[in-house]
Amino acid sequence: MDHFSNAKVQVKQGWLQGYTEGELKIFKGIPYAAPPVGELRFRHPQDPGRWRGVRKATQYSAASVQHVMENPEMPANVHGVPQFLAPSQYEEDCLYLNVWTPAKTPEAKLPVFVWIHGGGMVAGSGCEVVCDGTGFASRKDVVVVTINYRLGFLGFFAHPELTREAGGTSGNYALYDMRKACQWVKENIAAFGGDPDCITVAGQSGGAAGTGALHASPLMKGLINRVSIESGPIYWGFMQPQDRSVLEQKGVAFMEHIGCKSIAELRRKDAWELFDAYTAYVGEAGPMAGFSFCVDGEFIPKPYSEIMDNGEFNDFDVLMGSCAQEFPCVDPEKFTVEEFHTYLAEAFPDNVEGMKKWYPAENGVQAAKQASTIASDIMLMGSVKIGQLCKKFGRKAYIWLMSKENETERGHAAGSPHCAEMPYIFGRVDKGERNPFFDYHWVGADYDFMELIQGYWYQFCATGDPNGAGRPAWKRYNEDFDICELCNDTHMIPDGELEKYRYFYDKLSTNNFVIKLFGLARFTPKE
């Protein structure tokens, strides 16, 4: 029997039975680590157990404990049940991954694309509607893998007792989960027709911050080959790893708050009971103000900027960038040009006229879009910095800015928002109206852009260079602000348009410039 053609493969832990869909073989809910529950809570992930017989791999497994979000703009399904952002249950036992492979034989040695979902590392899953691997793997010869990992409190809790227990480190369990998934892929992906020596890890938003940490971590050497960091630069970004001691102090305070005397007692508590107590504890500040990744002394051995500035990061090929309107700063229906100009005078007193020239606006809707563009252009400088460091230390990097908008009046007014690249990379046709979960009827320009983006991403995964097949030339980062603008007319941004980037980059480099990314909030009327 040809087991592979019947979506049956043998991995290190045992046999898996997936299913076929067209030319694809799909495997869901594969454990890449032991369940992190009970005594394994707040520990590094352990090897998954073996099994006898054939394990069914046809349904997604649970995502990490998190706030379960309904999509308020999605109608209920035919049964009247609200639709959620991901077809998942949420449990502490969450360390699973999913594989889509177009390989015809296990010997195909196709490039591998491992996706780390976004959500600020407090939400999300590897089975979100938009990151279904079907649309990418079916159109390109690439094996797509999506993973779940521990989030928020369960993924990053640190405490002095845990640090002593682990021999000098605690926290960052989510990052170790990502690493463990990469180890599993390295060991097993050949059974799916993937090449274990051609692995790209891609992440978006919080997943991009995680991918950036993998790029910097000495524990990732030899495991993967490339990283795609999308809308989540750590350098000058909005997510910065704190020192472990800060999180340890938070851990002590939380334990005192809930009346736990020891880590053993904490491990005996129900995961959802802990989650609810933690949610109440952080209150209006929100989960992102609590536990997140840290300089733990092991996975991230020293401050991120120090690792990068010293060239101590891994020799991975880098694809990195963000969207042109990442941050919806204000209400476009209530914002005015006068308020926009007031903001420019407050935030950029040394260059008000320059900002008005670079970001012109004739009405409130345009002003709102430009406010978002400013914040996003500053975010892009984190990618530029990594590009410059890669060049300095002889590494390969390709930097992008996506300005492709959906082809509607509302799309052109709002611009290219956070997550805008995801429907095109994954080939999720008729998604992407303002964010990847909302329906949007694609037109010809969207299909063309999908073909372009999938071509770039696939070629990068395969070779480390996105160029080829007649696509517009994308220069490797070699000169200051070598940025490819991804849009309906994709091109390298010309020198004449780089003045604003030089201004932002120089100010960020002084280390005393704090951009008021959210300083516009006072212009948004409270409801």
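What follows is a short chat about reading a sheet, a core and a buried charge in a predicted model.

Colleague: Let's start with the sheet. Which strands form it, and in what order?

Modeller: In general, strands of a sheet pair through backbone hydrogen bonds, either parallel or antiparallel. Here you have an open sheet of three strands, ordered S1-S2-S5, with mixed pairing. S1 (8-11) and S5 (54-56) are the edge strands, each pairing on one side only. On average, neighbouring strands in this sheet are turned by 35° against each other, ignoring direction.

Colleague: How many bridges join S1 and S2?

Modeller: Four, and that pair runs antiparallel, with S2 covering residues 14-17. Take valine 9 as an example: its bridge partner in S2 is leucine 16.

Colleague: On to the cores. Which residues of the largest nonpolar core touch the most other members?

Modeller: The general idea is that nonpolar side chains tend to be buried together in soluble globular proteins. In this case the largest core has 125 residues, and Val145, Phe157, Phe192, Phe293 and Phe348 touch the most other members. Helix H12 (residues 364-392) gives the most to this core, 13 residues. There's also a second, separate core of 40 residues, including Phe460 and Trp474.

Colleague: What does valine 145 touch?

Modeller: Leaving out residues up to four places away in sequence, its contacts include Leu97, Val112, Trp115 and Ile189.

Colleague: Back to strand S1: is lysine 8 buried or exposed?

Modeller: Lysine 8 sits in S1 and is buried, yet has no salt bridge. The nearest side chain of opposite charge is aspartate 2, 11 Å away. Beyond four places in sequence, lysine 8 touches His3, Trp15, Leu16, Gln17, Phe27 and Val54.

Key. Residues numbered from 1 in each chain as written. Predicted model: local features only at pLDDT ≥ 70, side-chain atom pairs only at ≥ 80, totals over all residues. Heavy atoms only, no water. Pairing = 2+ DSSP bridges. Helix = DSSP H or I, 4+ residues; strand = E, 2+ residues; numbered from the N terminus. Axes fitted to C-alpha atoms, helices over the stretch in contact; angles between N-to-C directions. Core = buried A, V, L, I, M, F, W, Y, C linked by side-chain atoms within 4.5 Å. Buried < 20%, exposed > 50% of the residue type's maximum accessible area, 1.4 Å probe, protein only. Contact = heavy atoms within 4.5 Å. Lys, Arg positive; Asp, Glu negative; His and termini not counted. Salt bridge = Lys/Arg side-chain N within 4 Å of Asp/Glu carboxyl O.
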